[in-house]
Amino acid sequence: MRLGLRLVFLATLAALVLPGRAAAATETLVLETSPITVTAFEVARGVRLAPSPQVDGYVVGMTAEVVDVLGNPVPMQDVMFAKVGEPDYTCSGIEDYSGNASSLRAQRFYAEGEEHFALSLPEGYGYPNRASDTWGLLYMLMNHHPHTMVVQIRYTVRYVTREPLTAVKPVWLDVKNCRADPVFSVAGTGKPGATVSRTTDFQLPESGRFVAAGGHLHGGGVSLDVSDTSCGSLFTSYPTWGLVFPRPVLHEPGPLHMTGFADPVGMRAGDTLRLSATYDNSRPHVRVMGIMILYLAPGPSSSCAAYTSTAPAPSTAERVKVELLKNPTGPLRRNIRGTWVGDYAFGAQRVSLRRGATFTWHFRGGVDHDVTLASGPAGFASPSMRSGTFTHRFTRPGTYRLFCSLHPARMTQLVMVR
């Protein structure tokens, strides 16, 4: 079974400076969430509290994994952690999965996915945490097996107590920032070798040095670049790829690793930090992300020297085709303007349209759904929602195989554009 953890999001109420004490100690804490049930071939999403260290100290390292009821690791897709109640560095509030603005403050401080990012801060640096801090979890898990699974998220924290460390602040850069499901789609209509980039800018309010970073891309990703618009690239993270697992393929697999950097990178207060996520545009890539989390040690930094990133040996991702687990049924509906999407079906499952036609999906029911391309001439995907509408104009002829990415075994649709 494969459980894709689309987002595991932890948050805490922490001060960024903690008093030092004598007799320093480093502990390795293994913590687990309460059980999460994921039904067959579907996605589980939600928010809950999570255990955290019960003594003042600093997080200096962290990893996470999904495990089954026996404690055996289960391959996962994406994970993200943060802190509840503490303001985030780049976002004043996070939208929920339905796109509604949340009043809950959460400071995003760790993320891990198929690339297996392991936080390891340099010696002398730490992310401060108090015993009274509350950690929470925002998760998205996909079950790739035809039976229900019960799993937990297990995370290992290296924790330093009774020693003053230089405090770091997590700086979360995301090309679709402040969203629980920060995805976008690449149409994939370019020539071989074509790419497309999405960017986001953030003005750094204080000087300091970035001492560690972790990047996150999805299938089709080429690179993540962090730059200072005053002096050029600071760091570029590149993906490496592995064999596709598991099958059936319900989404395009992400990279197995993203490169990091070894030397601290400085920036000045007031400079603009830019994240650029570059994707292949020769074929469709849907519901992709571009995220980088950096750890900033505030302090004087007058230099503005670009950092040269060395690309690893080229790694080629295996081309995959996402298959529909259920054949669309029902009469072929010709030249209709739209249909409904409900719990758990598309109103019209087989549709024929003229090229250039605009089609609208009307969402209804008590459960979130989306419209996502599995395969076809051009990539697109709707937001996940339970009410409202989504409209798409079909400009390229061909067969579009669509599904709800949250319920791929139950909800499929075929749109033939002539």
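**Loops, sheets and a pocket in the predicted model**

Glu-114 is located in the loop that links strand E8 (106–113) to strand E9 (119–120). The structure described here is a predicted model. Glu-114 counts as buried because its relative accessibility is 5%, and buried residues are those under 20%. From this loop, the Glu-114 side chain reaches the backbone nitrogen of Gly-254 at 2.8 Å.

Two open sheets were examined. In one of them, 5 strands follow the order E26-E29-E34-E33-E31, and the pairing is mixed. Strand E26 (332–334) and E31 are the edge strands, each of which pairs on one side only. On average, and with direction ignored, neighbouring strands of this sheet are turned by 30° against each other. Within the sheet, strand E29 (residues 350–353) and strand E34 (residues 412–417) run parallel and are joined by 4 bridges. Ser-352 has Met-416 in E34 as its bridge partner.

The other open sheet contains 4 strands, arranged as E14-E25-E17-E22 with antiparallel pairing. Its edges are occupied by strand E14 (169–174) and strand E22 (265–267); each has a single partner strand, so one side of each is left without a neighbour in the sheet. Here the average turn between neighbouring strands is 35°, direction ignored. Strand E17 (residues 208–217) runs antiparallel to E22, and 3 bridges join the two. Arg-209 is paired through a bridge with Gly-266 in E22.

The edge strand E31 also takes part in the lining of a pocket. The second largest pocket encloses about 500 Å³ of space and is lined by 31 residues. Glu-252, Val-286, Val-322, Leu-373 and Ala-374 are the lining residues that lie nearest the pocket centre. At least two residues of the lining are supplied by each of strand E11 (135–143), strand E24 (285–288) and E31.

The loop between strand E30 (358–363) and strand E31 (372–375) contains Gly-365. This glycine is classed as partly exposed because its relative accessible area is 45%, a value within the range from 20% to 50%. Although Gly-365 and Arg-386 are 21 residues apart along the chain, their C-alpha atoms are separated by 5.9 Å. When residues up to four places away in sequence are not counted, Gly-365 touches Asp-343 and Arg-386. Asp-343 is in turn joined to Tyr-344 by a cis peptide bond, with omega near 0°. Tyr-344 lies in the loop between strand E27 (338–342) and strand E28 (345–346).

A further loop residue, Leu-243, is found between strand E20 (239–240) and strand E21 (257–258). Leu-243 counts as exposed because its relative accessibility is 78%, and exposed residues are those over 50%. The C-alpha atom of Leu-243 is separated by 6.9 Å from that of Glu-318, with their positions 75 residues apart along the chain.

Backbone geometry was also considered. Most residues other than glycine have a negative phi, and most peptide bonds are trans. Arg-162, which is not a glycine, has a positive phi of about 60°. Arg-162 is placed in the loop between strand E12 (149–161) and strand E13 (166–167), and its relative accessible area of 38% makes it partly exposed. Cys-178 likewise is not a glycine and has a positive phi, of about 70°. This cysteine lies in the loop between E14 and strand E15 (184–186).

Notes
Residues numbered from 1 in each chain as written. Predicted model: local features only at pLDDT ≥ 70, side-chain atom pairs only at ≥ 80, totals over all residues. Heavy atoms only, no water. Buried < 20%, exposed > 50% of the residue type's maximum accessible area, 1.4 Å probe, protein only. Polar contact = N/O pair within 3.5 Å; in protein donor to acceptor, adjacent residues only side chain to side chain. Contact = heavy atoms within 4.5 Å. Pairing = 2+ DSSP bridges. Axes fitted to C-alpha atoms, helices over the stretch in contact; angles between N-to-C directions. 1 Å grid on protein atoms, 1.4 Å probe; cavity = no way out; pocket = protein on both sides within 12 Å on 5 of 7 lines; lining within 4 Å. Points joined across faces, edges and corners; volume = space filled by probe spheres on them.
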